[in-house]
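Let's walk through this structure together, one element at a time. Have the coordinates open in your viewer as you read.

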Amino acid sequence: MKELKPCPFCGGEAKLCTDRPIGVSPCMIKPHVECTECTASMYASSAIQVIEAWNRRVTDERNCD
């Protein structure tokens, strides 16, 4: 699994959350990445999708020549 980049807002450490609270149906929980500092978060349908989305930065798509 890919490593998470720091939070794009505050630079804090990010963590992948895939566990579900007791009593919540598995189909209602989506994997998400959350910043441990500012609590910014992002959800997606799978862990791979949310990691790729979290790690995407605007500068990745621009050519800075």
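Two residues are in contact here when they have heavy atoms within 4.5 Å of each other. Keep that cut-off in mind for the neighbour lists below, and remember that you are looking at a predicted model.

A good place to start is the sheet. Its 3 strands run in the order β1-β2-β3, forming an open sheet with antiparallel pairing. The edges belong to β1 (14-17) and β3, each of which pairs on one side only. From one strand to the next, the twist averages 15°. In general, the strands of a sheet pair through backbone hydrogen bonds, and they may do this in a parallel or an antiparallel way.

Now zoom in on one of these pairings. Strand β2 (residues 32-35) and β3 are joined in the antiparallel sense over 3 bridges. You can find one partnership by locating Glu34, whose bridge partner in β3 is Ser41. Helix α1 packs on this sheet and touches β1, β2 and β3, while its direction makes about 135° with that of β3.

What makes up the largest nonpolar core? It has 9 residues, namely Cys7, Ala14, Val33, Cys35, Ala40, Ala44, Val50, Ile51 and Trp54. Two elements, β2 and α1, each give two or more residues to this core, and α1 gives the most, with 3 residues. Ala40 is a core member worth selecting in your viewer. Setting aside residues up to four places away in sequence, Ala40 touches Cys7, Phe9, Val33, Glu34, Cys35 and Trp54.

Next, go back to strand β2 and pick out His32. Is His32 buried or exposed? Its relative accessible area is 14%, so His32 counts as buried, the limit being under 20%. Beyond its neighbours within four places in sequence, His32 is in contact with Lys15, Leu16, Cys17, Met42, Tyr43 and Val50.

Finally, turn to Ser46, in the loop between β3 (41-43) and α1 (47-55). With a relative accessible area of 26%, Ser46 is classed as partly exposed, because this value falls between the 20% and 50% limits. A polar atom of the Ser46 side chain lies 3.1 Å from the backbone nitrogen of Gln49. Ser46 also offers a nice comparison of sequence and space: Lys30 is 16 residues away along the chain, with a C-alpha to C-alpha distance of 7.0 Å.

Notes: Residues are numbered from 1 along each chain as its sequence is written. This is a predicted model: local features need pLDDT of at least 70, side-chain atom pairs count only at pLDDT 80 or more; totals for chains, interfaces and linings use all residues. Side-chain values use heavy atoms; hydrogens and water are left out. Helices (H or I, at least four residues) and strands (E, at least two) are DSSP runs, numbered from the N terminus. Buried means under 20% relative accessible area, exposed over 50%, partly exposed in between (1.4 Å probe, protein chains only). A polar contact is a pair of N or O atoms within 3.5 Å; within protein, one must be able to donate a hydrogen and the other to accept it, and residues adjacent in sequence count only if both atoms are side-chain atoms. Two strands pair if DSSP finds at least two bridges between them. Axes are lines fitted to C-alpha atoms, for helices over the stretch in contact, and angles run from 0 to 180 degrees between N-to-C directions. A nonpolar core is a set of buried Ala, Val, Leu, Ile, Met, Phe, Trp, Tyr and Cys residues joined through side-chain atoms within 4.5 Å.
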